[in-house]
Amino acid sequence: MTRQTEQPAALQAGSEIPPVVKELTQAKIDAYARAGGDNNPLHTDPEFAAKTQFGGAIAHGMLVLAYLSQMMTAAFGQAWLSRGRLKARFRAPARPGDTIVASGRLLRREGGRAICQVECRNQRGEVLVSAEAEAPV
Amino acid sequence: MSVTLEKLPKGHQFPPAEFELSPEWVSQYVAAVEDAAIGRLGDDLVPPMAVAALSIRALLDAASLPPGAIHLGQELAFLRPLSIGERLSARARVASRGERQGWALMSIELDVADGAGRPVMTGRATVTMPLDPERTA
């Protein structure tokens, strides 16, 4: 589900960016592995992944970042594609069965750019990815 | 594929990788990440994270990720919108590398340019991976 958005000009400091919500499945992780060419068994082989420190398959970090990028695309349009910046840290793994919510808010406008704090959380409220994102406004 | 990533030294330059944002691949990517936002901006635009994913995929043809590799962080800067059908080239190098307790910690810088050689995206990934993948589990 992706909700359409208020326009960038309407986003002021403190404004929340309309969230993006995704239901993660092993099939979606497998589809991303095929598209991204990253067949690390940590993502695609639940039997292998079960024996690792993660105890099961986890999603590619770039898949979770794609959800954040979708949220920024919806909020900032071509400005995100033209001059967007993202600095992300992966905090916890996303797993099949998780409901992932990408959300964020505009911290401030500075030098013609919107500086945003964004993150992805799972259904238990755990932060999976935290990031600073910028787009021209 | 001759080498896995953890064996590469600091300063290693990956062979330049060229690729096309083909309609088929972009469709596969957009479906995999369920990107409903990009289509609202235009029929021929490519999600910026797709460019990152395809660049990494192209580079992984030269050095594979070992089983158990973990993506810790990602920085990206998008420099212009990209369209389906564009040809791009990606260059990457190992910007830093360290070892601790059987794991390698590496940062890899990525530069992507269009067919005219103009930069379209830059990035930096931080990854960690076991020095002995056989002992990951």
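The paragraphs below describe the internal cavities of this predicted model. The count comes to two cavities of 30 Å³ or more. Each is taken in turn, beginning with the largest.

The largest cavity holds about 60 Å³ of space. From chain A, its lining includes A:L81. From chain B, the lining is made by B:V46, B:P48, B:V51, B:F78, B:R80, B:P81, B:L82, B:V120 and B:M121. Two elements of chain B, α2 (48–59) and β5 (119–130), each supply at least two of these lining residues. In chemical class, the lining of this cavity comprises nine nonpolar residues and one charged residue, with no polar residues. The charged class is represented by B:R80, since arginine counts as charged.

The second largest cavity encloses about 40 Å³. Chain A contributes A:A66, A:S69, A:Q70 and A:T73 to its lining, while chain B contributes B:Y29, B:V33, B:D35, B:P47, B:P48 and B:M49. Three helices each provide at least two lining residues here: α4 (61–76) of chain A, and α1 (23–33) and α2 of chain B. Of these, α4(A) accounts for the largest share of the lining, with four residues. By class, six of the residues around the second largest cavity are nonpolar, three are polar and one is charged.

Read together, the two linings have B:P48 in common. Helix α2 of chain B likewise supplies at least two residues to the lining of the largest cavity and at least two to that of the second largest cavity. Polar residues are absent from the lining of the largest cavity, whereas the second largest cavity has three of them.

Definitions and conventions: Residues are numbered from 1 along each chain as its sequence is written. Chains are lettered from A and ligands numbered from 1 in the order in which they are written. This is a predicted model: local features need pLDDT of at least 70, side-chain atom pairs count only at pLDDT 80 or more; totals for chains, interfaces and linings use all residues. Side-chain values use heavy atoms; hydrogens and water are left out. On a 1 Å grid over the protein atoms alone, a cavity is a set of points where a 1.4 Å probe fits but cannot get out, and a pocket is an open set with protein on both sides within 12 Å along at least five of seven lines; lining residues have an atom within 4 Å of a point. Grid points are joined across faces, edges and corners, and a volume is the space filled by probe spheres set on the points.
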